[in-house]
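Please read the following note alongside the sequence and the coordinates. It is arranged as numbered points for discussion.

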Protein chains: 2
Amino acid sequence: MKIVEPTSTQIVLPSGELMGASGRYSKRVSELAGCYADHGAFQALVALRGDEIAYVVDQFAPKTTEGDLIFGTSTLEPGDVAGEFFMTRGHLHKKADRSEIYQCIAGRGVMLMETLEGRVAAIELVPGHIVYVPPYWIHRSVNVGPEKLVTLFCYPADAGQDYEIIAAAGGMASLIVSDGRGGWRQAPNLRYVGRADRTKPGSVE
Amino acid sequence: MKIVEPTSTQIVLPSGELMGASGRYSKRVSELAGCYADHGAFQALVALRGDEIAYVVDQFAPKTTEGDLIFGTSTLEPGDVAGEFFMTRGHLHKKADRSEIYQCIAGRGVMLMETLEGRVAAIELVPGHIVYVPPYWIHRSVNVGPEKLVTLFCYPADAGQDYEIIAAAGGMASLIVSDGRGGWRQAPNLRYVGRADRTKPGSVE
């Protein structure tokens, strides 16, 4: 067995950078095509700001074997597309029975979650709050505030990500949109067609 | 498959309580017999403060099946036994290839780690710092400051704990003791006899 060395790190604010992370990837605004309900508004945004970073993920992924952990930061810029707040692409774990925890470090957000059957949960992220995403829940982060949303995540190293499951259903059942008073609310996603063995859209709590 | 509900929680300071935790256990000072090098000083402390809480662990443990996570807070009181700082009992995971992450929330501490071969690592814990404890490392938290040491931990739900492995070797190879100037240093543990297939005490970095 190979002995890995212990590591210490910290989160740099306001950037959300995880010092000495072993990996980083980022998504530009233009790469989130298909995520937002208002296609025309998205195209207009891309014309203006398509090359800007929408979010960055820094992570420590020492190994991807069973029993190990991957942890890191997700830093999501503020913004909206015709009132629908900026969000991550979202995923279900490839091994769908793997869970994940997110701790809000800075900013104001929502963890939007959904089961395969279309049951929805939306839990607020404010600094210090920790959200447990149980096995079998699709999840994405949404930035509902005016600053960067920085979260610290941790999940089993062998979990993997299925990023297609959201797009294949026409998105998630709920949109997280501005309530027009500086807050957020859920709105039904009219493009949502549900998943696989289902014949009608899922019910939204 | 059983669908577990998502959960949100937060850490209460200065107590370190994890709101709505599904489980809590605590260790009194008297229950840490055998952990400290100076037996006489420990007995004297127990006579005075044996019933006081030494540390509390609050946790969310939704399930203990492979792929899930357990997370929670560890809150360790300040103090020392003849200069050796208060610490948790420490453990290796029963499934020794399971890793763990600790984030320091409040206080000042040291994560003391050791491989089965007796190689030592001691990493400082100050608020915001995150320590990754890789697979196969025995680990314990040590409070080297004047306040409660509060850490947030996360580990694979099927990891389990082997609490005997430290006692069986006469402790860990290093003690974390006061340097007499408000700081800490490592000192060799003279009771340490190493483990199992080893015939001489391990080397200390």
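The points below take up the basis of the model, the fold of one chain, the pairing of the copies and the aromatic contacts.

1. This is a predicted model, in which local features need pLDDT of at least 70 and side-chain atom pairs count only at pLDDT 80 or more, while totals for chains, interfaces and linings use all residues. Residues are numbered from 1 along each chain as its sequence is written, chains are lettered from A and ligands numbered from 1 in the order in which they are written, and side-chain values use heavy atoms, with hydrogens and water left out.

2. Chain A contains 2 helices and 14 strands, taken as DSSP runs (helices: H or I, at least four residues; strands: E, at least two) and numbered from the N terminus. The radius of gyration of chain A, 17 Å, is close to the 17 Å that the globule rule gives for 205 residues, so chain A is as compact as a globular protein of that length. That radius is taken over C-alpha atoms, and the rule is 2.2 Å times the number of residues to the power 0.38.

3. Of the 205 residues of chain A, 56% are buried, meaning under 20% relative accessible area with a 1.4 Å probe, protein chains only. Where residues of chain A at least 6 apart in sequence are in contact, 69% of these contacts join residues at least 24 apart; contact means heavy atoms within 4.5 Å.

4. Chain A superposes on chain B with an RMSD of 0.0 Å through a turn of 180 degrees and a shift of 0.0 Å along the axis, the fit being by least squares on C-alpha atoms of residues with pLDDT of at least 70 in both. The two copies are thus related as by a two-fold rotation axis. In chain A, the C-alpha nearest the axis belongs to A:P156, 3.4 Å away. Since 98% of the interface residues of chain A are also interface residues in chain B, the copies meet through the same surface.

5. Over all chains there are 12 aromatic pairs, defined for rings of Phe, Tyr and Trp (its six-membered ring) with centres within 6.5 Å; planes under 30 degrees apart are stacked, over 60 edge-to-face, and the rest tilted. The rings of B:Y102 and B:F153 are 6.4 Å apart at their centres with planes at 55 degrees, so this pair is tilted. B:Y102 lies in strand β7 and B:F153 in strand β12, 51 residues apart. B:F153 is buried at 5% relative accessible area.

Key. Buried means under 20% relative accessible area, exposed over 50%, partly exposed in between (1.4 Å probe, protein chains only).
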